[in-house]
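Here is a short walk through one protein chain. Keep the 3D view open and follow along.

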Amino acid sequence: MKAIVVSELSGPDSVRLENVSEPHGAHPRAEGQRFLIDVRAAGLSFIDALQTRGGYQNGVPVPYVCGSEFAGVVLETPTECRFAIGDRVGGIVWHGAVAERALALPDYTVKLPDSMPFTQGAGLYMNYSTAWYAYYRARVEPGETVLVHGGAGGVGTAALDLADAFGVRTIAVVSTEEKADIARAAGAHEVVPSDGAWLEDVRALTEGRGVHVVIDPVGGDRFTDSLRSLRQGGRLVVVGFTGGSIPTVKVNRLLHRNLTVTGITMDNMETEYPGTLHLVRDAVEKLANDGKITPRVGRTFPIDDTALALNALEGRAATGKIVVEI
């Protein structure tokens, strides 16, 4: 079968389209459950570009097939599985998705509604489960105001799209006017530029009180101002560090203003609180089936141009989900 192979950790330009053997056995994280997908589209994320340089903490040794997310049709299922052969599905595999067939994990897979194209399905699970879990961990209440960094990116647009489902007002932080338009299209109620006095803008939009929640997939040097943007008792959810640097926090900022900072990693929580994965999966699947969310696809690339897609992610030129059509 055809697949995009990473054979050296020298960056996106090192990936190659090759003929490789069909997947055998089961996905390394699937505990022996063979779950095989006929891949129609593969979703890429920041971790895919990062891992081509060996920079992802949960990466795999070379050679490997790249691609963290998929959408396609079930070819083989484990016994006692909720999926059937022929089901339209999407999910996360961390690696192996940019190929004609891929091994998947039932716990990290959702059924796709018939109305959802595979290109959108390839952007459903990772971004929406992350955004939904961020809202859940922040204990968001209807009527609250949520600040979303990276408002034109994959997780950002998902968080904005989920605003109506959670009954919240959103303020998106973006770096360009083009990205501002994307954030508004995704559902942002207000948009502020990151290269300006965004903290002052946020305070003005909240009558000086600040926001209830910050969802931050960017990190970097704006983290301290994110804490300052919170009102008394506010909550900040750490999603990732696409800004490149991992920030630190002086805990006296938390003490005096009763702030909460939390991270989100669902699979780690599953080990301590079994059922976490199913909780998130079922919520995202229901919202999709009810037509309440619409994954935003930024750009699609043919499989031959996967290197270009990865470069777009690494250069932070991507908006919405980057998808490779198989």
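At what angle do α4 and helix α6 pack, and how far apart are their axes? The model is a predicted one, and in it the angle is about 35°. The two axes lie 8 Å apart. Helix α6 covers residues 177–186. From α4, the contact takes in Thr157, Leu160 and Asp161. From α6 come Ile182, Ala183 and Ala186. By class, these contact residues split into four nonpolar, one polar and one charged.

Now step back along the chain from α4. The loop between β9 (145–149) and α4 (154–161) holds Ala152. Is Ala152 buried or exposed? Its relative accessibility is 4%, so Ala152 counts as buried. The cut-off for buried is under 20%. Which residues does Ala152 touch, once its neighbours within four places in sequence are set aside? The contacts are Thr157, Val174, Lys179, Ile182, Thr319 and Gly320. Two of these names have come up already: Thr157 belongs to the α4 side of the helix contact, and Ile182 to the α6 side. Ala152 can also be placed against Gly298, which is 146 residues away along the chain. In space, the C-alpha atoms of Ala152 and Gly298 are separated by 9.2 Å.

Next, turn to the strands. Strands of a sheet pair through backbone hydrogen bonds, and the pairing is either parallel or antiparallel. Which kind appears in the sheet of β2, β1 and β4? Here the pairing is antiparallel. The three strands form an open sheet, in the order β2-β1-β4. At the edges sit β2 (16–19) and β4, each of which pairs on one side only. Strand β1, residues 2–6, is joined to β2 by four bridges. To find the register of this pair, look for Val5, which stands opposite Arg16 in β2.

The last stop is empty space. Rolling a probe the size of a water molecule over the atoms shows where such space is left. The second largest pocket has a volume of about 480 Å³. Its lining has 21 residues. Nearest the centre of this pocket lie Pro23, Val65, His95, Gly96 and Leu103. Two elements give two or more residues to the lining: β4 (64–65) and β7 (101–103). Which of the elements gives the most? That is β7, with three residues. So what kinds of residue form the wall? By class, the lining has 14 nonpolar, five polar and two charged residues. Strand β4 thus ties two stops together: β4 is an edge strand of the sheet, and β4 also gives residues to the pocket lining.

Definitions and conventions:
Residues are numbered from 1 along each chain as its sequence is written. This is a predicted model: local features need pLDDT of at least 70, side-chain atom pairs count only at pLDDT 80 or more; totals for chains, interfaces and linings use all residues. Side-chain values use heavy atoms; hydrogens and water are left out. On a 1 Å grid over the protein atoms alone, a cavity is a set of points where a 1.4 Å probe fits but cannot get out, and a pocket is an open set with protein on both sides within 12 Å along at least five of seven lines; lining residues have an atom within 4 Å of a point. Grid points are joined across faces, edges and corners, and a volume is the space filled by probe spheres set on the points. Ala, Val, Leu, Ile, Met, Phe, Trp, Tyr, Cys and Pro count as nonpolar, Asp, Glu, Lys and Arg as charged, and the others, Gly among them, as polar. Two strands pair if DSSP finds at least two bridges between them. Buried means under 20% relative accessible area, exposed over 50%, partly exposed in between (1.4 Å probe, protein chains only). Contact means heavy atoms within 4.5 Å. Axes are lines fitted to C-alpha atoms, for helices over the stretch in contact, and angles run from 0 to 180 degrees between N-to-C directions.
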